[in-house]
Structures are given as structure tokens and as C-alpha cells.
Amino acid sequence: MLMQGFDNGVLPLLGYAMLALAVVAFVLALLAREDAYRAADKQTKTFWLVILAVTVLVDFFLGMLFLQIAGLVASIVFFVDVRPALKQVSGGGNRRHGGSSSDGPYGPYNGGR
């Protein structure tokens, strides 16, 4: 009874969450510039688009848990390693409130004065 509830309730939700994560990663990889991948010294844009597209297709059509986990790892690597590097070389850093490049997390860096 408990396994039936797990199979019918939790596993589909995990599958939808992995699919959503893969779709978001694919869209973000698609929107990034090709030269940003080279500047960040990461794999090419085509490489990441193929990996993430295969992940989306596996999550959507096949539903094989081993392949879904491999795709989840690829999506996590993209979000944790590749995307921050792309943002850094593209000038998309943390400058939300009009701060300068010398601003730290607690305000402007003034060189120890």
C-alpha cells in the first residue's frame, strides 16, 4: 500500500520536477551567446544544447529512471558550473541596484580605508 502511494504520488512529481529543470536549463543554454561559452572555457553551446535536449526528451518520453538521473546531473552541472561562468563573462553579474564592479556583498569596497 505504501509503495503504491509512492509510485502513484511522489515519483510522478519528481519526474515533472526533473523535466521542468531540464526545460529551464535548455532554454537558458539556448539564450546564452556562443562566444560566452568559449570565453568561460566551457564546452560549446552545441554540446550543452544536445545534452539538455536529450535530457528533456528522455524525461518527457522515456521515463527511464537511470537516464533521468543522468540528465538531472547534467542539468545540475549546467546550473551550478556553466551558467554562473556564462553570466560572469557576459557581464550579467550581481549589479541589481546600480552598483559598480567594486561593490562587495555589504557595500562598496573602499580599499581598507
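Which residue's side chain meets that of Glu34 in a salt bridge? The partner is Arg38, with N and O 3.6 Å apart. This is a predicted model, and its 113 residues come to 4 helices and 2 strands. Here is a friendly tour of its confidence, its charged pairs, its helix α4 and its aromatic rings.

**Overall picture**

- Along the sequence, the elements follow the pattern α-α-α-α-β-β.
- Of the 113 residues, 23% count as buried.
- Among contacts with a separation of 6 or more, 59% are between residues 24 or more positions apart.
- The mean pLDDT of the protein is 80, and 73% of the residues reach 70 or more.
- Confidence varies from element to element: α3 has the highest mean pLDDT, at 91, while strand β1 (residues 103-104) has the lowest, at 63.

**Salt bridges**

- In total, the structure holds 3 salt bridges. As background, side chains of opposite charge can pair when their charged atoms come close.
- Glu34 and Arg38 sit in helix α2 (residues 34-39), and their spacing of 4 residues is about one turn of the helix. An α-helix has 3.6 residues a turn, so residues three or four places apart point the same way.
- The two partners fall into separate accessibility classes: Glu34 is partly exposed at 29% relative accessible area, whereas Arg38 is exposed at 55% because the exposed class begins over 50%.
- Arg33 and Asp35 join their side chains in another salt bridge, with an N to O distance of 2.9 Å. Arg33 is partly exposed at 45% relative accessibility, and Asp35 is partly exposed at 34%.
- Asp81 pairs with Lys42, and the closest N and O atoms of this salt bridge are 3.0 Å apart. Asp81 belongs to helix α4 (residues 65-89) and Lys42 to the loop between α2 and α3, so this pair ties together parts that are 39 residues apart in sequence.
- Both ends of that link are partly exposed: Asp81 has a relative accessible area of 38%, and Lys42 has one of 27%.

**Helix α4**

- How far apart are the end C-alpha atoms of α4? They are 35 Å apart, which agrees with the 36 Å that its 25 residues should span at 1.5 Å a residue.
- α4 has a kink of about 40°, centred on Phe78.
- Phe78 is also one of the buried residues of α4, together with Gln68, Gly71, Ala74, Ser75, Val82, Ala85 and Leu86.
- After α4 comes Gly91, which has a positive phi, near 80°.

**Thr55 in helix α3**

- Is Thr55, a residue of helix α3, buried or exposed? Thr55 is buried, because its relative accessibility of 5% is under the 20% cut-off.
- Once neighbours within four places in sequence are left aside, Thr55 is in contact with Ala22, Gly71, Ala74 and Ser75.
- Among these contacts, Gly71, Ala74 and Ser75 also appear in the list of buried residues of α4.

**Aromatic rings**

- A search of the whole structure finds 4 aromatic pairs. One of them joins Trp48 and Phe78 in a tilted arrangement, 5.8 Å centre to centre with 55° between the planes.
- Trp48 lies in helix α3 and Phe78 in helix α4, so the pair ties together parts that are 30 residues apart in sequence.
- Both residues of this pair are buried: Trp48 has a relative accessible area of 8%, and Phe78 has a relative accessibility of 0%.
- Phe78 also pairs with Phe79, with ring centres 6.0 Å apart; their planes are at 75°, so the pair is edge-to-face. Phe79 counts as partly exposed, at 24% relative accessibility.
- Ring pairs link Phe78 and Phe79 with Phe47 and Trp48 into a cluster.
- Phe78 therefore turns up in several parts of this briefing: the kink of α4 is centred on Phe78, and the ring of Phe78 pairs with that of Phe79 in an edge-to-face arrangement.

Conventions
Residues numbered from 1 in each chain as written. Heavy atoms only, no water. Salt bridge = Lys/Arg side-chain N within 4 Å of Asp/Glu carboxyl O. Buried < 20%, exposed > 50% of the residue type's maximum accessible area, 1.4 Å probe, protein only. pLDDT = per-residue confidence, 0-100. Expected span 1.5 Å × (residues − 1). Bend = angle between axes of the 7 residues up to and from the residue. Contact = heavy atoms within 4.5 Å. Phe/Tyr/Trp six-rings, centres within 6.5 Å; stacked < 30°, edge-to-face > 60°.
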